[in-house]
Amino acid sequence: MDMNAAKRECERTDHGALKGLSVMAMILYSVCATPGHSQEATSAGQVDQITNPRAASAQKMFFFEPKLTLIAPGETLNILNSRGEHTVDSIDGLWPKGVEPVAIASDPQARVTFPIQGYYAFRCRRHGQYGMVMLVVAGQPDNKHELIAQIEELALGKREKASLRALFDQAP
Ligand SMILES: [Cu+2]
């Protein structure tokens, strides 16, 4: 990961108006978010991947926006991958059985359909180690506690597991 390149990219699109915002507000807004993208925690429609070089820690620098999305089975999400360093990969073990895995890289816009009810967990291959994960809940699956128990068994980093647990806790 080239942190300096990410910072330069962000600075080019920076705006003076953002300078007065508190650090927390900047993290929430993310200076790299493209204006017009939804910032709702559970909005259906699209998911972006953000790099915020001003974040206080690596865990807050790289994230999906939103991290948690609630949709209906059969719906499609627009996955924006305009920041070239990010990937969107389904997490084996936190993915409905029989549904094809997802692996998106260097694709500015990919559409992913969630065919059946279930919990669909994703990570960024590069920044998963910093907790860059997201969760899509299609319909009203009933295996949440089973999946939370499985997180410990997965071959993932500590921060990644902690972020996944937090997302499942938040999810319906
Ligand atoms: Cu990433």
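Leaving aside its neighbours within four places in sequence, Tyr120 is in contact with Ser90, Trp95, Pro96, Phe114, Val136 and Ala138. The model in which these contacts appear is predicted.

Tyr120 also belongs to the largest nonpolar core, which has 28 residues. Together with Ala121, Phe122, Met132, Val133 and Leu135, Tyr120 is among the residues that touch the most other members of this core. At least two core residues come from each of β1 (46-51), β2 (62-65), β4 (76-80), β8 (118-123), β9 (133-138) and α5 (158-170). The greatest contribution is that of β9, which gives six residues. In soluble globular proteins, nonpolar side chains tend to be buried together.

Some of these strands also take part in an open sheet. Its four strands follow the order β2-β1-β4-β7, and their pairing is mixed. The edges are formed by β2 and β7 (109-113), each of which pairs on one side only. From one strand to the next, the twist averages 20 degrees. Within this sheet, β1 and β2 run antiparallel and are joined by four bridges; in one of them, Gln49 has Phe64 of β2 as its bridge partner.

The helix α5 comprises 13 residues and reaches 19 Å from its first C-alpha to its last, close to the 18 Å expected at 1.5 Å a residue. Its buried residues include Glu160, Ser163, Leu164 and Leu167. Seen down the axis of α5, the buried residues fall within an arc of 100 degrees, and therefore line one face of the helix. The face turned away from this buried side carries the exposed residues Lys158 and Asp169. Among the elements that cover the buried residues of α5 are β3 (68-71), β8, β9 and α4 (144-151).

Notes: Residues numbered from 1 in each chain as written. Predicted model: local features only at pLDDT ≥ 70, side-chain atom pairs only at ≥ 80, totals over all residues. Core = buried A, V, L, I, M, F, W, Y, C linked by C-beta atoms within 7 Å. Buried ≥ 20, exposed ≤ 12 C-beta atoms within 10 Å, placed from the backbone. Contact = placed C-beta atoms within 7 Å. Pairing = 2+ DSSP bridges. Axes fitted to C-alpha atoms, helices over the stretch in contact; angles between N-to-C directions. Expected span 1.5 Å × (residues − 1). Arc of directions from axis to C-beta.
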